Amino acid sequence: MEVCLVIEVVKKDEEIIFNLETKNSMYQMKVDKYNVLKHLWYGSKTSTDMEYLLDYPDVGFSGQINEVDDSTYSLDTLPVEYSCFGVGDFRVPAISVIHSNGSDAIDLRYQSYSIKKGKYSIKDLPSVYSNNDDCDSLEIVLKDTSSDIYVILKYGVFNDKDIICRSAVIRNEEDSKICLNKAFSMCLDIPYGSLDIIHFHGRHAMERQFERIPITHNIYEFSSTRGTSSHQESPSIIICDKNCNEEFGDCFGATLMYSGNFKIQLEGDQLNQVRMVMGINPDTFSWTLNHNEEFYTPEVILSFSNEGLSKLSHNFHDIIRNNVCRGKYSLESRPVLINNWEATYFDFDAFKILDIANTAASLGIDMMVLDDGWFGKRDSDKSGLGDWYANEDKLKMPLKDLVSKVKSRGTKFGIWFEPEMISEDSNLYRNHPDWAVKIPGRKPGRSRNQLVIDITRSDVRDYLYESISRIIKDCSIDYIKWDFNRSISDVYTYSLSSSNQKEMGHRFVLGLYELLEKLNHDFPNLLIEGCCGGGGRFDAGMLYYCPQIWCSDNTDAYDRSKIQYGTSFIFPISTIGSHVSAVPNHQSGRITPLSARSVVAMSGSFGYELDLNTLSDTDLEKIKQDIKDFKKYNKLIHNGDYYRLSNPNDDNFALWEFVSDEEVLVQGIIFRSEANQLRYNIKLRGLDSDKKYIDSNNNVYTGSALMNGGILLPKSSGDYYSVMIHLKKQY
Ligand code: DGJ
């Protein structure tokens with residue numbers, strides 16, 4: 001027996017058991033006498049060899065691998081650790097490979113394993129990192145029975161955090177090249193249970209909508225082919241028991257640390273078992289692996305909770321905040337910012353920006369962000385992308401001067417880029433038409449009037465790095481908003497041969513990561529906010545480079561409460577860029593009170609996006625106070641445990657709670673008020689039953705009362721009535 005803190009390897013006769021343990025979960029695999037790596041368990045700790053749960057039914061048309069003479073042993077019915085295509089497992093595969101003879105079967109069997117202290121990293125891709133030895137890693141090497149193709153399964157076990165990371169590396173030691181048709185990061189077989197899927201679908205300005213559906217006999221697919229992880233589907237999934245809710249029940253979550261085309265497949269099979277596989281979307285991918293080359297798949301962050309969905313979210317929030325986000329701002333309070341986009345759109349000059357910045361400074365706002373339209377010739381979305389130098393004619397002063405005037409009030413300065421795009425009406429396009437992504441002989445489709453620039457090319461990346469870094473240096477920029485405003489179509493690159501064009505999607509993502517890595521490295525004090533027409537690329541891959549992402553172009557408090565609800569299942573509140581904007585809201589036309597907009601925006605990386613100079617003195621006073629409140633509660637909001645107290649899709653309110661050792665903040669909005677109604681009573685969560693809590697009116701409650709009896713919300717009046725209750729724990 002070999003033990004490394006959390007990874008235990010037990011060898012017994014012809015079998016080897018791998019047991020990965022975290023504080024509250026256990027993950028078990030077994031190598032059997034045929035060297036097949038079976039998946040035995042992912043769930044609560046049992047201190048048992050979970051093989052006893054495996055049934056070996058003799059199922060017609062579920063055949064056997066060659067060396068087995070026992071009709072009850074079939075790869076088509078057994079839970080396996082990494083499912084292979086073409087050798088008798090007819091459920092969704094994790095890998096499919098074309099060999100030099102054109103065949104596409106692969107039969108991976110156990111070869112060896114190794115255990116390492118610390119966390120493995122993944123070449124050229126973002127991955128979860130370990131702090132102070134909080135992780136151990138296991139590698140299991142599998143080999144195809146009939147070729148020299150190897151798959152190395154990687155596991156990073158974060159004991160304290162109840163997190164297991166997974167990734168796979170495919171290595172070709174054949175003399176000839178092979179082609180990967182599908183190379184997923186993971187497979188998870190769940191033989192028993194009556195299970196639901198929770199996924200997060202959406203559209204532009206309505207991202208990550210929560211949907212819970214039962215798993216029946218079907219293959220469910222959640223995916224993107226848009227070049228980004230997308231507004232339409234998040235690369236994250238939760239599988240939970242039917243009776244699982246926020247506080248009770250078993251649930252698994254998985255999120256792919258990847259910002260491009262992905263696919264999650266979930267199969268309810270003929271025996272009511274469930275298989276989940278996830279990775280780079282094979283519909284838009286294939287990859288040539290030459291002799292001795294390796295392919296690295298993106299990482300999946302996995303977690304299990306037997307205490308319901310809130311605990312699962314806490315696990316993801318903790319790992320993403322502490323082991324995915326990096327740099328100065330990963331844990332530090334972020335500047336409260338004001339962005340001019342909804343205030344001015346393209347219609348501004350430096351004086352208008354200074355007017356906004358001056359008022360902002362007087363209210364306690366920390367940073368002015370100059371959005372789209374400051375560069376090239378850009379007075380609409382029809383031109384200018386790619387010409388990353390300031391338009392001083394439009395600004396009416398050098399950008400540098402504008403920045404220093406803003407900074408003279410003690411305000412930081414941020415600026416917008418959309419580096420991965422090019423306008424046909426730009427000097428860059430006129431000089432380098434071949435830099436745009438388009439297929440020779442086919443006229444490319446436009447979206448938002450623009451084309452994508454080919455960042456698989458190193459000359460393009462060099463141009464972008466030079467242009468962006470020059471502005472950052474010359475103008476002492478503190479923050480950049482990295483936007484991306486269309487899906488990628490007409491995929492083709494001159495950097496690859498015709499037979500390798502299906503590598504483009506992944507190489508595009510690698511190009512993006514290389515650029516972001518260089519900027520992070522060279523400008524350690526720069527805060528980068530990710531954006532893709534709002535939250536179209538809201539994933540753990542981007543969060544490795546940008547600790548906050550503009551969550552949605554929809555700034556309406558009501559819609560946002562649903563968008564942020566869905567986002568919160570996986571992503572920590574500190575990563576959610578969220579602003580107060582004007583009414584009627586520019587996206588929904590809805591009018592909500594300022595207090596509702598503030599309370600929703602505060603539940604994120606807080607900011608404003610409106611012309612402050614059009615507001616009344618009362619509103620400006622309120623904003624001043626809200627900023628003070630946010631700063632007072634910032635640590636609690638970003639570091640505290642976040643509890644969803646309602647489901648805004650079903651309830652007449654969106655309510656949530658932040659809890660730390662010392663204090664509690666309940667926030668939310670009551671959507672509609674009715675006459676002669678009892679006040680809502682909400683049960684709080686995560687408190688110390690035996691301690692007392694005091695609110696700002698000096699009412700004292702026990703934790704037990706607040707969690708079992710609840711707290712009465714204020715009597716609401718009108719629509720979108722805001723709630724903010726702060727309680728301090730008494731010692
Ligand atoms: C889309 C972003 O999400 C907006 O916030 C804004 O930056 C626009 N692009 C600018 O074009």
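**Sheets, rings and burial in a predicted model**

Reader: In what order do the 6 strands of the open sheet follow one another?
Author: The pairing in this open sheet of 6 strands is antiparallel, where strands are DSSP runs of E with at least two residues, numbered from the N terminus, and two of them pair if DSSP finds at least two bridges between them. The model is predicted, so local features need pLDDT of at least 70 and side-chain atom pairs count only at pLDDT 80 or more, while totals for chains, interfaces and linings use all residues. Residues are numbered from 1 along each chain as its sequence is written, and side-chain values use heavy atoms, with hydrogens and water left out. The order of the strands is β32-β33-β34-β39-β36-β37.

Reader: Which are the edge strands, and what does the twist average from one strand to the next?
Author: Two strands of this sheet each pair on one side only, namely β32 and β37 (700-702). From one strand to the next, the twist averages 25°.

Reader: Which residue in β34 is the bridge partner of Ala654?
Author: β33 and strand β34 (residues 663-670) are joined in the antiparallel sense over 7 bridges. The residue of β34 that serves as bridge partner to Ala654 is Ile669.

Reader: Which strands make up the closed barrel, and by what angle are neighbouring strands turned on average?
Author: The barrel is closed and has 8 strands with parallel pairing, running β22-β23-β24-β27-β28-β29-β30-β31. Axes are lines fitted to C-alpha atoms, for helices over the stretch in contact, and angles run from 0 to 180 degrees between N-to-C directions. With direction ignored, neighbouring strands of this sheet are turned against each other on average by 30°.

Reader: Which residue in β28 does Trp482 stand opposite?
Author: Strand β27 (residues 479-482) pairs in the parallel sense with strand β24 (residues 412-417) over 4 bridges, and in that pairing Trp416 stands opposite Lys481. β27 also runs parallel to β28, with 4 bridges between them. There, the residue opposite Trp482 is Gly530.

Reader: At about what angle to β27 does helix α8 run?
Author: β28 has both faces covered, with Leu527 and Glu529 buried on one side and Ile528 and Gly530 buried on the other; buried means under 20% relative accessible area, exposed over 50%, and partly exposed in between (1.4 Å probe, protein chains only). Helix α8 (residues 504-522), helices being DSSP runs of H or I with at least four residues, lies across β27 and β28 (527-530). Its angle to β27 is about 175°.

Reader: How far does helix α3 reach from its first C-alpha to its last?
Author: Helix α3 (residues 350-363) has 14 residues, and the expected span of a helix is 1.5 Å times one less than its number of residues. Among its buried residues are Ile353, Leu354, Ile356 and Ala357, and what covers the buried residues of α3 includes β22 (337-339), β23 (367-370) and α12 (617-639). The reach of α3 is close to the expected 20 Å, at 20 Å.

Reader: Why do the rings of Tyr42 and Phe252 count as a tilted pair?
Author: Rings of Phe, Tyr and Trp (its six-membered ring) pair if their centres lie within 6.5 Å; planes under 30 degrees apart count as stacked, over 60 as edge-to-face and the rest as tilted. By this rule there are 37 aromatic pairs. The centres of the Tyr42 and Phe252 rings are 5.5 Å apart, and the pair is tilted because the planes stand at 40°.

Reader: How many residues apart are Tyr42 and Phe252?
Author: This pair links distant parts of the chain, with Tyr42 in strand β5 (residues 37-43) and Phe252 in strand β16 (residues 251-256). Tyr42 is buried, at a relative accessible area of 5%, and Phe252 counts as buried at 9% relative accessibility. Along the chain, they are 210 residues apart.

Reader: Is Ile301 buried or exposed?
Author: Ile301 lies in strand β21 (residues 300-305). Leaving aside neighbours within four places in sequence, Ile301 is in contact (heavy atoms within 4.5 Å) with residues including Val128, Ile163, Gly253, Phe316 and Ala540. Its relative accessibility is 0%, and so Ile301 counts as buried.
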